[in-house]
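Work through the exercises below with the model open. Try each task before reading its solution.

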Amino acid sequence: MSTPDPDPAPGRSAAGPGPRTAAADRRTLIADTAIGLVAAAGLRGLTHRAVDGAAQLPPGSTSYYFRTRTALIGACYQRLAELDVADYARADRPAAPDAPAGRDEVAAATAALLHRWLTTDRARQLARFELSLEAARTPELRPAFERAGRVVRARAAAILGELGARQPREAAELLVAWTDGLLHDRLVGALARTRPDPDPAELAAVVRRMLDAALD
């Protein structure tokens, strides 16, 4: 098996100094590709060789960065959390920067995010559910899975705190649980195939009810 080229010097990319290195970009590519493979074929489709092929990387590249399957799955957890937090950050920007967002604005932004997760980013959510089941079965994966979950909940708590939640951490736990339940039901639930296409207005009404319940 061939070995990929070693990383550039720490803190430098192939194009020169910058905030990201070539190694960081390569790890992100590997994690994104692994997530796509899990979404398409489940955990049985996730191998180092399969990631190399799907990402069009030299053989041995994935194992160079993530020596074990556990490390590769841990990278998926971290990447999923990064993507979720980035989505929350974009959704949480108020239309008028000087005016704090209220419940209706947060509900609409969150509904738009859920709509994307149910449509164009559907595969990412399917992979997340597959990977969460693997963590439940594999004790050595739990720390990475739990770290990723804490990142997302901290972001949700910050949003709810800005809305006036008296106990933002507890409210965030509820909101994340409800959101996960909604996504699971709409994507893979018993009636998922018979449901109409996701509707942003309906999702906004559902999210507003969830926000009211978490905040009141």
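Helices (H or I, at least four residues) are DSSP runs, numbered from the N terminus. The model is predicted: local features need pLDDT of at least 70, side-chain atom pairs count only at pLDDT 80 or more, and totals for chains, interfaces and linings use all residues. Residues are numbered from 1 along each chain as its sequence is written, and side-chain values use heavy atoms, with hydrogens and water left out.

**Exercise 1. Place Glu134 and decide whether Glu134 is buried or exposed.**

Step 1. Find the helix. Glu134 sits in H6, residues 122–137.

Step 2. Apply the cut-offs. Buried means under 20% relative accessible area, exposed over 50%, partly exposed in between (1.4 Å probe, protein chains only). Glu134 has a relative accessible area of 15%, so Glu134 is buried.

Step 3. List the contacts (heavy atoms within 4.5 Å). Beyond neighbours within four places in sequence, Glu134 contacts Leu43, Arg69, Ile73, Tyr77 and Leu141.

**Exercise 2. Do the same for Gln125, then find its C-alpha separation from His184.**

Step 1. Gln125 also lies in H6.

Step 2. Its relative accessibility is 1%, so Gln125 counts as buried.

Step 3. Not counting residues up to four places away in sequence, Gln125 touches Asp84, Trp117, Leu183 and Leu187.

Step 4. Gln125 and His184 are 59 residues apart along the chain; their C-alpha atoms are separated by 8.5 Å.

**Exercise 3. Check the span of H9, then find which side is buried.**

Step 1. The expected span is 1.5 Å times one less than the number of residues. H9 (residues 200–215) has 16 residues, so 22 Å is expected; the end C-alpha atoms are 22 Å apart, which agrees.

Step 2. The buried residues of H9 are Leu203, Val206, Val207, Met210, Leu211, Ala214 and Leu215. They cover an arc of only 155° around the axis, so they lie on the same side of H9. The arc is that of the directions from the helix axis to the C-beta atoms.

Step 3. Ala201 and Arg209 are exposed on the other side of H9.

Step 4. The cover over the buried residues of H9 includes H5, H7 (142–162) and H8 (168–188).

**Exercise 4. Which residues have the most contacts inside the largest nonpolar core?**

Step 1. Define the core: buried Ala, Val, Leu, Ile, Met, Phe, Trp, Tyr and Cys residues joined through side-chain atoms within 4.5 Å.

Step 2. The largest such core has 58 residues, and Leu46, Tyr77, Leu131, Leu160 and Leu211 have the most contacts inside it. H4 gives the largest share of this core, 8 residues.

Step 3. Take Leu211. Leaving aside neighbours within four places in sequence, its contacts are Arg103, Val106, Ala107, Leu160, Leu163 and Leu175.

Note on methods:
Helices (H or I, at least four residues) and strands (E, at least two) are DSSP runs, numbered from the N terminus.
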